[in-house]
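Visitor: I would like to learn how to read the empty space and the helices of a model. Could we go through one together?

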Amino acid sequence: MILTFSAVLLFGLASAVAIKTRSTGAGAAVLLFLFGFFTAGTGAYGPIHDLVATLARFLSQLGH
């Protein structure tokens, strides 16, 4: 069974948790940047989307 989620939904939830727990640091900054990026859909969408997609494919292949 394949289950898919929107990147905006995932980053939005993770951003809300980061803000609620007052997380600071590079990880929280990247998380909030990605949430803003995916919601805005700027001109840099292509390269960043490809990078995130490649990372997702890499992580999915680790279990096989």
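Visitor: Which residues line the largest pocket?

Guide: Keep in mind that this is a predicted model. Rolling a probe the size of a water molecule over the atoms shows where empty space is left. Here the largest pocket holds about 260 Å³ of space, and its lining consists of Ala7, Leu10, Phe11, Leu34, Phe38, His49, Leu51, Val52, Ala53, Leu55, Ala56 and Leu59. Sorted by class, that lining has 11 nonpolar residues, one polar residue and no charged residues.

Visitor: Which helix gives the most to the lining of the largest pocket?

Guide: Helix H1 (7-20), helix H2 (26-40) and helix H3 (45-62) each supply at least two residues of the lining, but H3 gives the most, with seven residues.

Visitor: How far apart are the end C-alpha atoms of H2, and what span should its 15 residues have?

Guide: The expected span follows from a rise of 1.5 Å a residue, so the 15 residues of H2 should span 21 Å, and the end C-alpha atoms are 21 Å apart, which agrees. Just after H2, Gly41 takes a positive phi of about 65 degrees.

Visitor: Which residues of H2 are buried, and against what do they pack?

Guide: The buried residues of H2 are Ala28, Leu31, Leu34, Phe37 and Phe38, and they pack against H1 and H3.

Visitor: Is Ser15 buried or exposed?

Guide: Buried means under 20% relative accessible area. Ser15, which is in helix H1, has a relative accessible area of 3% and is therefore buried. Leaving aside neighbours within four places in sequence, Ser15 is in contact with Leu31, Leu32 and Phe35.

Methods: Residues numbered from 1 in each chain as written. Predicted model: local features only at pLDDT ≥ 70, side-chain atom pairs only at ≥ 80, totals over all residues. Heavy atoms only, no water. 1 Å grid on protein atoms, 1.4 Å probe; cavity = no way out; pocket = protein on both sides within 12 Å on 5 of 7 lines; lining within 4 Å. Points joined across faces, edges and corners; volume = space filled by probe spheres on them. Helix = DSSP H or I, 4+ residues; strand = E, 2+ residues; numbered from the N terminus. Nonpolar A, V, L, I, M, F, W, Y, C, P; charged D, E, K, R; others polar. Expected span 1.5 Å × (residues − 1). Buried < 20%, exposed > 50% of the residue type's maximum accessible area, 1.4 Å probe, protein only. Contact = heavy atoms within 4.5 Å.
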